[in-house]
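This report is for a reader who is meeting the structure for the first time. Please look over the sequence and the model before reading on.

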Amino acid sequence: MTIRPYRPSDRAALIAIHQRQAVHDGLPLLFNDPADPQQFVTVVAVDGGRLVGASTARRLAEGRTYIDPLFGGRTSAGPVERWDLLARLIREGAKAVYRAGYTELMAATPPASRGYTNRLVRELGFQKDERTRLYLDLTERFSQQEAIR
């Protein structure tokens with residue numbers, strides 16, 4: 001098996017693999033255009049002359065929002081004011097991210113925040129998927145190896 005950089009001639013094989021996968025979450029094809037600058041790294045696996053897999057890395061902005069839980073007070077108006085602040089921060093942050101050249105903003109919410117998650121989808125246009133988000137700290141993983149070289 002050989003791992004090599006993506007070539008434009010690989011596109012049809014990648015789309016065919018995607019169509020054969022059991023999970024189609026309604027999001028755009030992961031490999032919709034590996035030549036797109038947002039998808040800056042794509043490598044493919046070739047076995048016996050046949051493309052059998054690929055891995056891609058897309059540039060995306062990961063959003064985090066912090067709000068003082070005391071903002072708005074402890075009255076019934078407090079949650080409304082905190083939601084309004086959250087919505088304003090996300091909208092303005094999303095505009096700034098877009099102006100910086102990103103086309104995707106990811107925000108993760110804890111399972112206990114299901115109500116806020118649903119409001120983010122309903123009122124701010126986020127798309128909800130059923131995947132589990134996993135994170136790999138590349139600096140922690142590879143910085144020691146790079147220092148050895």
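The text below covers the overall fold, the nonpolar cores, a surface patch and a few single residues.

This is a predicted model, in which local features need pLDDT of at least 70 and side-chain atom pairs count only at pLDDT 80 or more, while totals for chains, interfaces and linings use all residues. Residues are numbered from 1 along each chain as its sequence is written, and side-chain values use heavy atoms, with hydrogens and water left out.

**Overall fold**

Four helices and five strands make up the chain. Helices (H or I, at least four residues) and strands (E, at least two) are DSSP runs, numbered from the N terminus. Along the sequence, the pattern reads β-α-β-β-β-α-β-α-α. Of the 149 residues, 19% count as buried, where buried means under 20% relative accessible area, exposed over 50%, and partly exposed in between (1.4 Å probe, protein chains only). The chain exposes about 11400 Å², and carbon and sulfur atoms supply 54% of this area. Accessible areas come from the Shrake-Rupley method with a 1.4 Å probe; for residues, only the protein chains shown count as cover.

**Nonpolar cores**

In soluble globular proteins, nonpolar side chains tend to be buried together. Here the largest nonpolar core has seven residues: W83, L86, A87, I90, L120, L124 and F126. Such a core is a set of buried Ala, Val, Leu, Ile, Met, Phe, Trp, Tyr and Cys residues joined through side-chain atoms within 4.5 Å. Helices α2 and α3 (114–124) each supply at least two residues of this core, and α2 gives the most, with four. A second, separate core of six residues includes Y6, L14, I17 and L51.

Leaving aside neighbours within four places in sequence, F126 is in contact (heavy atoms within 4.5 Å) with I90, L105, A107, L120 and V121. On the same terms, D10 is in contact with R4, P5, V44 and L51.

**Single residues**

| Residue | Place | Relative accessible area |
|---|---|---|
| M1 | segment before β1 (2–5) | 68%, exposed |
| D10 | loop between β1 and α1 (11–20) | 6%, buried |
| A94 | helix α2 (residues 77–99) | 29%, partly exposed |

The C-alpha atoms of A94 and E104 are separated by 8.9 Å, and these residues are 10 apart along the chain.
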